[in-house]
Amino acid sequence: MVTLAEVAQHAGVSASTVSYVLSGKRSISATTRQRVEQSIRELGYHPNAGARALASSRSNIIALMIPLRTDMYVPVMMEIAIAVATTARTHGHDVLLLTGEEGPDAVRRVAGSGLADAMILMDVELEDERLPLLRAGGQPSVLIGLPADTTGLTCVDLDWVATGALCAEHLAELGHRDVAVIGEAPAVYERHTGFAERTLDGLRSRARELGLRVLHRPCEGGYDAVAATLARIFDERPGTTGFVVQNESAVEPLLALLRQQGRAVPEDVSVVAICPDPVATQGSVRLTSVGVPAQEMGRSAVERLVAKLDGTGGDDVVLIAPVLTVRASSGPAPAAP
C-alpha cells in the first residue's frame, strides 16, 4: 500500500504539503497542487479513511435511509440509491445504506454514533416521525420527498401535484370525462406517503377544474389484485375511458386484462402511467407516461447535502417539473354510444 510519505517523495514536497493538498486546510500553489495530484494518480494512493476522519472530525460517509417495503417499487428506489452513491463518490464520500424500517431510531443511531456526517432520507411521509429529530439535531440532511411542513428542511422531489394535474389535462384534452386512477397499495396511502397523496391531490384538483369525474382505487399490484380492481371500477363507472396508473406492478396486468375484455388501447380506453421510462416503453403497449427522474433526484440531493457540509448550502425545496411523453396508449375518447 502506497504511503503519504512515498507520495511526498515522488512529488518532491514535504509530507505536510501532501496532507494540506488532501485536506484543503491551507492554500497551496497551483503548480505544487498539480504535482502532488499527479503523484497521487501515478502511485495509486488512497488516504486512510480512519486517519482522515480523525484529522478532519469527519467520516466522509453519507447515511441513506431507504426503507425497503414490500408495497413499494424497489427498482425505482434502487435507481435513486445508485445515483446517490455515484454522485457522493465524485465528492469524496461513501454511502451507508440503511434499509430497515427503524424510523426515528435510525436517525438517533446515526446522529449519536458519528457513523455519518450527514443523512439523506427517502420514503417521506406527510407527517414523518423522523423530522422533529432532524430539525432538533442539527446534522446536515436532505429529504428525497416532501412532507406537509418543509420548515427548516431541504427537500428534493418530483412535483407530484403537477404530475397529477398533467395527467388530468392530457386526458381532458383528448375528450375523456370519466377517469379512474389505479393507485399504489392501500398501505402507501395509510402511511400518508407524500408522493402518492400529492399526485392524487393534484389530479383531483385539476380534474374538478376541467370537469372530469375521477374514481381512485388503491391496488396491491399483480394480476389477481388488478383484475378485482378493474372489475370494481367498471362496475361503479361503466363509462370509464381513461386510466391513470401510479403503480408499476399493475401496468402489465392492466393491459392484459383490457385485451381479454376486448377493450382496445387506445381506441376504447386510454392509459397514462406515472412510472420510469423503461416500464413505459418495454411493455406490450408503449405507454404515454410521466417519467420518474430517479437519477436527477439522487444527484440533486447529494449536491445539496455536500453544499451544506461545505457551509455554502441552506434549506430549500427543489421540485422537478414533470414531463409527459405521449406514446401509443392514449388517444381521443370514443364517441358515446
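User: Happy to start inside the protein: which element gives the largest share of the lining of the largest cavity?

Analyst: Good place to begin! This is a predicted model, and in it α5 supplies the largest share of that lining, with three residues. The lining of the largest cavity counts 20 residues, and Met72, Val76, Met77, Trp160 and Phe195 are the ones that lie nearest its centre.

User: What makes this space a cavity rather than a pocket?

Analyst: A cavity is a set of points where a 1.4 Å probe fits but cannot get out, whereas a pocket is an open set. By this rule there are two cavities of 30 Å³ or more. The largest holds about 310 Å³ of space, and the second largest has a volume of about 40 Å³.

User: How do the residues lining the largest cavity divide by class?

Analyst: They come to 13 nonpolar, three polar and four charged residues. The lining of the second largest cavity has seven nonpolar, three polar and no charged residues. Among those lining the second largest cavity are Val181, Tyr189, His216, Gln246 and Ile274. Helix α10 (residues 194-210) gives the largest share of that lining, four residues.

User: Why is Asp178 called buried?

Analyst: Its relative accessible area is 16%, and buried means under 20%, so Asp178 meets the cut-off. Asp178 sits in strand β6. Leaving aside neighbours within four places in sequence, its contacts are Arg213, Arg237, Gly239, Thr240, Thr241 and Gly242. Gly100 is not among those contacts: the C-alpha atoms of Asp178 and Gly100 are separated by 40 Å, with their places 78 residues apart along the chain.

User: And why is Arg89 called partly exposed?

Analyst: Arg89 has a relative accessible area of 44%. Partly exposed is the range between the 20% limit for buried and the 50% limit for exposed, so 44% falls in that middle class. Arg89 belongs to helix α5 (residues 74-90). The C-alpha atoms of Arg89 and Asn60 are 9.7 Å apart, and the two residues are 29 residues apart along the chain.

User: What makes β7 and β12 the edge strands?

Analyst: The six strands of this open sheet run in the order β7-β6-β8-β9-β10-β12, with mixed pairing. Strands β7 (213-218) and β12 (324-325) each pair on one side only, and that is what makes them edges.

User: How do you know that β10 and β12 pair?

Analyst: Pairing needs at least two bridges, and β10 (residues 288-290) and β12 have two bridges, in the antiparallel sense, so the pair qualifies. One bridge partnership is Ser289 with Thr325 in β12.

User: In which sense do β5 and β11 pair, and over how many bridges?

Analyst: Strand β5 (residues 155-158) pairs with β11 in the parallel sense over four bridges, and since two are enough, these strands count as paired. Cys155 stands opposite Val317 in β11.

User: Which residues form the covered face of β11, and which the uncovered one?

Analyst: In β11 (residues 317-320), Val318 and Ile320 make the covered face, while Val317 and Leu319 make the uncovered one. In a regular strand, side chains alternate between the two faces of the sheet.

User: Which helices lie across β6 and β8?

Analyst: Helix α11 (residues 223-236) lies across β6 (178-183), β7 and β8 (242-245), at about 155° to β7. Helix α12 (residues 248-260) lies across β6, β8 and β9 (270-274), at about 170° to β9.

How values were computed. Residues numbered from 1 in each chain as written. Predicted model: local features only at pLDDT ≥ 70, side-chain atom pairs only at ≥ 80, totals over all residues. Heavy atoms only, no water. Contact = heavy atoms within 4.5 Å. Axes fitted to C-alpha atoms, helices over the stretch in contact; angles between N-to-C directions. Buried < 20%, exposed > 50% of the residue type's maximum accessible area, 1.4 Å probe, protein only. 1 Å grid on protein atoms, 1.4 Å probe; cavity = no way out; pocket = protein on both sides within 12 Å on 5 of 7 lines; lining within 4 Å. Points joined across faces, edges and corners; volume = space filled by probe spheres on them. Nonpolar A, V, L, I, M, F, W, Y, C, P; charged D, E, K, R; others polar.
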